[in-house]
Protein chains: 2
Amino acid sequence: MFLSHIFAKTTKESSTDASSANADLLERGGFIHKTMAGVYSYLPLGTRVLSNIENILREEMDKIGSEVFLPSLAPVENWKKTGRYDNVNVLLKASPANPFSAKHNDAEYALGSTHEEIITPLVQRYCTSYQDLPCAAYQIQTKFRNEPRPKSGILRGREFRMKDLYSFHASEEDMLDYFYNTSIPAYTSFFKRIGLGDITEVVLASGGDFSKEYSREFQTRCETGEDHIFHAPGSDTFYNREIAPSKAKPWDNAAEEERPREDIVGEGIIGVEDLAAFLKIEVERTTKTLLFETDTGQMVAAVVRGEYDVNEEKLRTVVGCKSLHLAPAASVKKVTGAEVGYAGPIGLPDSVLVIWDDSTAGRKNFECGANKTNEHSINVNFGTDIPAPSEFHDIKVAREGDLDPETGKPYEVFRACEVGNVFTLYTKFSDAFGFTVTGADGKQQPVYMGCYGIGTTRVMGVLAEVFHDEHGLLWPANIAPARVHIVPIAKTSEDKPYKEALKLYESLSKKGVTCLFDDRLNATVGSRLADADLIGVPTRMVLSAKTLDDKGVEVKDRKTGDVQMLSLKDAEKSVSA
Amino acid sequence: MFLSHIFAKTTKESSTDASSANADLLERGGFIHKTMAGVYSYLPLGTRVLSNIENILREEMDKIGSEVFLPSLAPVENWKKTGRYDNVNVLLKASPANPFSAKHNDAEYALGSTHEEIITPLVQRYCTSYQDLPCAAYQIQTKFRNEPRPKSGILRGREFRMKDLYSFHASEEDMLDYFYNTSIPAYTSFFKRIGLGDITEVVLASGGDFSKEYSREFQTRCETGEDHIFHAPGSDTFYNREIAPSKAKPWDNAAEEERPREDIVGEGIIGVEDLAAFLKIEVERTTKTLLFETDTGQMVAAVVRGEYDVNEEKLRTVVGCKSLHLAPAASVKKVTGAEVGYAGPIGLPDSVLVIWDDSTAGRKNFECGANKTNEHSINVNFGTDIPAPSEFHDIKVAREGDLDPETGKPYEVFRACEVGNVFTLYTKFSDAFGFTVTGADGKQQPVYMGCYGIGTTRVMGVLAEVFHDEHGLLWPANIAPARVHIVPIAKTSEDKPYKEALKLYESLSKKGVTCLFDDRLNATVGSRLADADLIGVPTRMVLSAKTLDDKGVEVKDRKTGDVQMLSLKDAEKSVSA
């Protein structure tokens with residue numbers, strides 16, 4: 001590929017979103033261009049990187065399923081059948097753009113953000129017996145999601161590329177076997193091949209609406225990542241913060257004498273940091289009491305130590321309800337007699353279910369809301385001011401330093417970007433379409449499904465996010481837009497360095513080694529070398545009168561910065577396809 | 001690929017559209033499934049065929065441009081800038097599916113049916129000087145069109161795959177040079193490689209709104225094709241009927257004596273065949289007079305011999321107006337004094353411009369409408385009943401047997417399917433975006449563009465349409481879902497024929513020869529061999545106890561039906577990757 005043939009050039013500034021490393025570098029390097037919020041054009045270099053990623057992924061997925069290509073336009077009735085048409089927040093629809101178009105065909109379609117609604121009835125058409133299962137099919141294609149806040153360059157867009165695989169099974173065991181022993185190893189192999197293996201962890205995450213089981217996320221360690229991953233040193237288990245079980249970081253004041261409770265006026269002080277400062281106590285002595293209402297109308301008071309937040313999902317599991325949400329201000333006032341922000345566990349009506357987090361155990365002389373507007377109780381003690389709770393639960397959002405209940409060791413936390421996920425769907429979608437198969441006994445039996453996603457454009461963004469330095473990108477060889485970046489330093493294409501460089505280009509190309517050839521002789525040498533660094537191809541080869549007088553070619557490793565002078569022959573030998 | 005691993009099976013009946021060979025065969029063969037009108041799912045075998053087509057196309061396009069990947073969601077304002085948002089009949093838009101989605105982001109987007117509106121401003125961003133041109137970029141991706149009548153299986157859909165290439169030039173000459181000397185040869189090479197070379201012609205067609213130049217269509221000869229191609233034997237030029245110039249098939253009655261004109265009542269007779277029968281005259285003696293109104297309000301009478309239709313585009317060119325349309329009934333009555341169907345050239349007001357087609361020349365005693373409801377004039381003669389026209393034009397839709405004006409030879413006509421097209425766009429789109437470049441003289445100069453399309457799913461449909469027999473499909477080797485279809489005839493996978501077949505499969509796969517392996521031992525031999533014919537892989541290899549007792553393998557050429565008995569070694573040698 002000759003750089004002069006590519007219309008898209010490197011630029012000094014990215015059009016937008018310079019706060020995101022991937023957006024900034026990929027735009028400046030001429031890989032992508034932002035068409036509008038959350039929607040990107042992939043330029044020649046970017047299309048190459050994306051193809052490299054998708055081709056490696058295709059090879060791995062071909063081992064565990066058959067490739068298909070499903071339409072983006074889906075019948076609305078299929079999405080209504082699964083109950084998702086009206087409640088998937090990010091769903092877009094396609095409809096006629098103008099009266100002419102509507103006159104021809106005024107139908108509306110769901111625009112695919114995911115494909116359970118297409119693949120389930122499709123497989124149902126062909127698979128009627130347990131003997132037709134298991135089967136698995138995947139595709140790599142564009143998805144559409146009306147993201148509220150597209151951000152972070154190509155990490156979260158309204159239009160993006162994704163590999164989605166779906167598996168179908170005659171039993172739960174078979175579904176779980178495929179999930180653990182087929183899909184996860186294939187994913188691991190893919191991430192290894194594209195250079196993310198060492199920094200990508202398999203992480204337990206919520207099963208979402210789909211499943212009682214945890215899902216698995218593939219999370220790449222990345223300082224700018226959106227997710228917080230919890231891991232106890234020595235443990236094999238990684239948790240997404242949303243589900244990390246935790247025992248509170250110990251805070252013990254058992255040696256203190258109990259002091260008499262007092263109610264202190266502290267007008268308008270709501271944040272725990274401010275409150276602790278105002279009361280001149282440790283944050284750990286403060287208490288947060290939040291009121292929730294369940295789907296059945298039960299009022300729940302969730303009580304955690306001041307520095308914690310309540311994890312609604314954990315609370316929901318402890319309460320055993322279908323759903324819950326923060327109680328509205330009016331309900332809070334009715335129950336506590338106070339405005340929002342002053343709730344406490346003392347003196348709540350019997351109708352309120354109080355759930356104590358383990359972080360609140362073992363404290364003396366603690367603080368809590370007084371259930372009076374602007375007032376806080378201090379020196380509260382179990383047994384004296386309020387009955388000691390019969391049990392404590394884990395209903396908190398885990399924090400760094402909390403103990404992993406399994407190992408008893410304090411968690412370490414790192415930030416990460418999700419690059420893939422795998423879900424057990426059980427019979428959620430097959431039930432919606434009435435998809436059953438005939439079993440060995442001749443009776444109809446349920447079909448179990450799994451779904452497995454990897455956002456390929458997101459993976460490209462994460463690669464840029466984790467592999468760059470102050471000069472530009474550092475692509476792993478497998479997915480780089482080329483293996484070698486050749487820079488002849490010459491005045492004209494008749495000069496020797498140009499001719500020798502061209503020979504090298506042709507010879508490497510013949511061997512299957514992809515090359516960029518910088519034939520932009522009008523540009524300054526400095527800008528051309530800076531471009532090579534910015535574009536980030538693994539090996540740079542410079543040919544000039546000077547290098548030809550020496551051994552021949554200056555070969556630079558983009559990542560290490562190591563420079564060697566090699567003969568043309570050795571330079572050619574130093575890289576392989 | 002093991003047939004038992006593919007969820008999609010061959011079926012006895014296609015779900016729909018059995019009248020279309022490609023839809024019927026591709027559905028029954030397990031290549032595609034109709035999700036809804038004009039929208040198809042590509043199953044594992046179909047995805048392979050489509051990938052083969054697209055990969056060959058990619059190789060050819062990489063020689064003449066850089067691959068990019070542009071978004072399907074386009075800013076509505078870009079489509080308004082080119083004036084196409086409100087008048088492209090097939091345009092779809094994307095918008096929030098439900099109130100939740102609208103709350104997040106209520107923007108509407110044009111859903112890409114073509115990409116001039118994205119690529120033009122994109123290239124504009126990077127190319128500012130004549131030295132940045134020429135450049136060309138292409139992509140292969142899904143397009144959306146709200147087709148009024150999706151039909152013919154995957155030949156005309158609402159969602160389909162397409163390769164679209166765009167080129168940008170600093171001069172008209174450069175645009176034309178790329179158009180003729182780069183794009184057309186690349187297309188020709190592609191169609192040759194996928195097996196359509198011998199039956200695909202480069203055809204002159206309308207330049208559409210884009211251009212005064214003809215466009216070129218690549219038309220594959222096919223009995224069920226929608227287009228009619230005109231070709232004079234020995235000529236290099238092929239015309240789409242819509243623009244084929246023609247001289248009428250001669251019909252001469254100069255030897256007749258002139259007879260006196262008569263007006264005959266023939267109530268409600270309008271079609272020329274009925275009229276000729278009623279009047280007991282030859283159809284060639286009848287005359288069709290159609291009234292049109294131009295964009296400036298000029299009334300035009302177009303006069304053609306009875307068996308011809310008026311070609312509005314030719315008429316528009318002769319009149320020299322921007323647009324014209326059939327005059328409404330009220331205007332016709334005002335001008336002729338008669339209902340629609342009885343117009344004739346005699347006695348029209350002077351304000352009406354009368355255009356005579358050459359088919360009306362040289363006749364005596366002809367018929368025409370009498371400009372009186374239900375009446376027809378017969379024995380009309382130039383010079384006697386109406387002044388002889390000073391000139392005749394070509395304003396007719398060409399018919400088989402008409403003369404090619406260039407060679408003077410009668411046209412032959414064949415039906416064909418359009419598989420590609422190339423257009424010169426001139427400055428239509430660059431003007432809309434104000435895209436100019438600095439010339440060598442430092443002044444801004446216009447940018448010339450071309451666009452070049454190939455519908456890859458349509459090409460797949462055409463291949464099915466032209467390559468099949470009564471038993472099923474006949475894929476060319478380059479794009480077949482596999483090169484070899486192996487059928488072991490055995491009771492279990494422990495039997496020798498199965499084991500030997502598997503060895504052959506592995507050995508061929510190692511050589512890069514793609515194979516289907518029919519491991520469905522439960523199915524009858526007859527149904528498995530019928531499936532092999534239906535799927536249409538070029539070579540079938542059967543291994544049974546009987547063939548192993550003989551030389552080893554029964555090798556059948558799917559196209560010729562030739563069967564040979566070969567040793568395992570020779571069978572393996574008989575095919576290459």
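Here are some notes on this predicted model, a pair of chains A and B, taken point by point.

1. Start with the symmetry. Chain A lands on chain B after a rotation of 180 degrees with 0.0 Å of shift along the axis, and the RMSD is 0.1 Å. That is how a two-fold axis relates its copies. If you want a landmark in chain A, go to Ala94(A): its C-alpha is the one nearest the axis, at 2.3 Å. As for the contact residues of chain A, 100% of them recur in chain B, so the same surface serves both copies.

2. Next, the interface itself. On the chain A side 58 residues are in contact, and they meet 59 residues of chain B. Sorting the chain A side by class gives 35 nonpolar, 16 polar and 7 charged residues.

3. The two chains also share strand pairing. Strand E5 of chain A (residues 92-96) pairs with strand E5 of chain B (residues 92-96), in the antiparallel sense and over 5 bridges. To check the register, look at Leu92(A), whose bridge partner in E5(B) is Pro96(B).

4. On to the layout of a single chain. Chain A is split into three pieces: domain 1 (25-192 + 423-464), domain 2 (262-380) and domain 3 (482-573). Note that domain 1 is written as two segments. Between the C-alpha centres of domain 2 and domain 3 of chain A there are 66 Å.

5. There is a helix pair worth a look in chain A. Helix H1 (residues 21-28) and helix H11 (residues 456-466) have axes that come within 8 Å and cross at roughly 95 degrees. H1(A) and H11(A) are therefore roughly perpendicular to each other. H1(A) brings Ala21(A), Asn22(A), Leu25(A) and Leu26(A) to the contact, while H11(A) brings Gly461(A), Ala464(A) and Glu465(A). By class, the residues of this contact come out as 4 nonpolar, 2 polar and 1 charged.

6. Now for an open sheet in chain A. Its 5 strands follow the order E27-E26-E28-E29-E30, with mixed pairing. Strand E27 (515-517) and strand E30 (563-566) are at the edges with a single partner strand each, so one side of each has no neighbour in the sheet. On average, neighbouring strands here are turned by 20 degrees against each other, ignoring direction. Within the sheet, E28 (residues 539-543) and E29 (residues 553-557) of chain A pair antiparallel over 4 bridges. Thr539(A) is the residue to click on there, as it stands opposite Asp557(A) in E29(A).

7. Which helices lie across strands of that sheet? Helix H12 of chain A (residues 496-510) lies across E26 (484-488), E27 and E28, running at about 160 degrees to E26(A). Helix H13 of chain A (residues 525-535) lies across E26 and E28, and runs at about 175 degrees to E26(A).

8. Last, strand E11 of chain A (residues 227-231), which has pairings with E20(A) and with E12(A). With E20 (residues 412-426) of chain A, E11(A) runs antiparallel, joined by 5 bridges; His231(A) has Glu412(A) as its bridge partner in E20(A). With E12 (residues 238-240) of chain A, E11(A) is again antiparallel, through 3 bridges, and Ile229(A) stands opposite Asn240(A). The hairpin of E11(A) and E12(A) has 6 residues between the strands, and Gly234(A) in this hairpin takes a positive phi near 90 degrees.

Note on methods:
Residues numbered from 1 in each chain as written. Chains lettered and ligands numbered in written order. Predicted model: local features only at pLDDT ≥ 70, side-chain atom pairs only at ≥ 80, totals over all residues. Least-squares fit on C-alpha atoms with pLDDT ≥ 70 in both. Contact = placed C-beta atoms within 7 Å. Domains from an automatic or database assignment. Axes fitted to C-alpha atoms, helices over the stretch in contact; angles between N-to-C directions. Parallel < 35°, antiparallel > 145°, perpendicular 65-115°, else oblique. Nonpolar A, V, L, I, M, F, W, Y, C, P; charged D, E, K, R; others polar. Pairing = 2+ DSSP bridges.
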